[in-house]
Amino acid sequence: MKDGESKYAYKKKSAWERFSKTQITKAVSFAEPYKTFLNVAKTEREAIHFIVSTAKTKKKEILVNQEKSAAIVIRGKKPVREGFHIVISHIDSPRLDLKQVPLYQDSESNLALFETHYYGGIKKFHWVVIPLALHGVIVKKDGTKVTFRIGEDEKDPVFSVPDLLPHLSHDVQDNKKINEAIKAESLDIVIGSMPAKGDFKEKIKAAILEKLHKEYAITEHDLISAELEAVPAFKARDIGFDRSLVGAYGQDDRICAYALLQAILDIKNPKHTVIALFVDKEEIGSEGNVSAQTATFLRSVIRKLDVNVDIDSVLLKSKMISADVQSAVTPNYTDVFELKNASSLGNGVVMTKFTGHGGKYMANDASAEYVAEIRAMLDKADIPWQTGELGKVDKGGGGTVAKYFARLGMNVIDLGAPVLSMHAPYEITSKVDLYSSYLAYLTFLKS
Ligand code: MN
Ligand code: MN
């Protein structure tokens, strides 16, 4: 009764206060290589490359699907037919993709630009006037692959989407709704301004084509079979006088992916066979052959572990954590949150019983039994956690990959770090939430 609350009441408590001094030291140092990971893995392919090379260095069994999704497996003491403990995270983030014929010259402004098509849920005004890097691949007709990564080295050039000066934006932007002020078709990236020598109709475009051919041996046709992604060129940094937070692009969902990777690397001789899944395309609804909706990949992993096993009955017996981020209560916008049921930065990993929108449409609604099991597991291991719901009912909504696996019959619940400014080019997380997530995945995989 010291704080005037009943001892039977649910209380939110800062993980900074719950963790011991030693644990806080561990949490803070855990975030250092995390920032390096965020800097080297800004796209789904780069994340998979990092995960594969780390797993191979540590001699772990890893299966890869088309450079875009992967599964790390550690065989347990119990036979495969008794089911798995699976944790899944996604490794794609919102960004600006280049169109297939992206290059054009705007002769009025004397510039060459790339056309883009945004990927995932963005607020378009976030993506103008910031430094952007270009990452991705160009695949030529003979199958050879050119890898792009420009704008990350201090000596590299960067790219940027220009915006109108305030002096002239009154009619075209200032009086519009905020998400209509910047049009998707105006999210084009400046890539050059120097004209070529010679008798070309569009000299700036010609100069860019010549440069691309000279440096990468590619033509405009090759860009048709390319996946080039413009991502923020910022580096991950500590935020705050106390350095308690991390600011970086792509922390949805790479904070969970990183915590999961570290957790599975630390597992030895688990009871059940454990699987860490990393998938692409979550931000566009988990569509396509490298996404969470492609259960074929998981089935092929299971078949590799035990060719004779009845896959459906194994799936029914398996348990899953969907490791994805939750919205953190945002200062100055607390109105959209129902604060008793919202999660805040620094209170530990967030357990989300259900996602979806409206009357729980499109939700995975985990059973009370499974929630109790996970809650007991977290408390037993003394891991800081909080419960969370995306926002007030009918204010919006969103989903994770949880529902696609729940359809296969297994118990699934969302458990991940809270994120401030989710889907913005610069997202904020807390170091203790990252560490709580790692401890939660480790404990679940071991159990
Ligand atoms: Mn996510
Ligand atoms: Mn997301």
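These notebook entries record what I looked up about the two manganese ions in this predicted model.

**Entry 1: manganese ion (ligand 1).** I began with the protein donors of this ion. They are His90 through NE2, Asp252 through OD, and Asp324, which is listed with two OD donors. I noted distances of 2.2 to 2.6 Å from the ion. Along the chain, I read the spacing of the donor residues as H-x161-D-x71-D. I then placed two of these residues in the fold. Histidine 90 belongs to strand E3 (residues 84-90) and aspartate 252 to helix H7 (residues 251-265), so this pair ties together parts that are 162 residues apart in sequence.

**Entry 2: manganese ion (ligand 2).** For the second ion I found Asp252 (OD), Glu283 with two OE donors, and His423 (NE2), at 2.1 to 2.5 Å. The donor residues follow the spacing D-x30-E-x139-H. I located glutamate 283 in the loop between strand E12 (273-279) and helix H8 (295-305), and histidine 423 in the loop between strand E20 (418-419) and strand E21 (427-430); the pair therefore ties together parts that are 140 residues apart in sequence.

**Entry 3: the link between the ions.** I checked which residue the two sites share. Aspartate 252 coordinates both manganese ions, which lie 3.4 Å apart.

**Entry 4: burial of the donors.** I asked whether the donor residues are buried or exposed, taking under 20% relative accessible area as buried. Histidine 90 is buried, at 1% relative accessible area. Aspartate 252, the residue that coordinates both ions, is also buried, at 3%. I recorded glutamate 283 and histidine 423 as buried too.

Conventions:
Residues are numbered from 1 along each chain as its sequence is written. Chains are lettered from A and ligands numbered from 1 in the order in which they are written. This is a predicted model: local features need pLDDT of at least 70, side-chain atom pairs count only at pLDDT 80 or more; totals for chains, interfaces and linings use all residues. Side-chain values use heavy atoms; hydrogens and water are left out. Donors are N, O and S atoms within 2.8 Å of the metal (3.2 Å for Na, K and Ca); water is not among the atoms, so sites may look incomplete. Helices (H or I, at least four residues) and strands (E, at least two) are DSSP runs, numbered from the N terminus. Buried means under 20% relative accessible area, exposed over 50%, partly exposed in between (1.4 Å probe, protein chains only).
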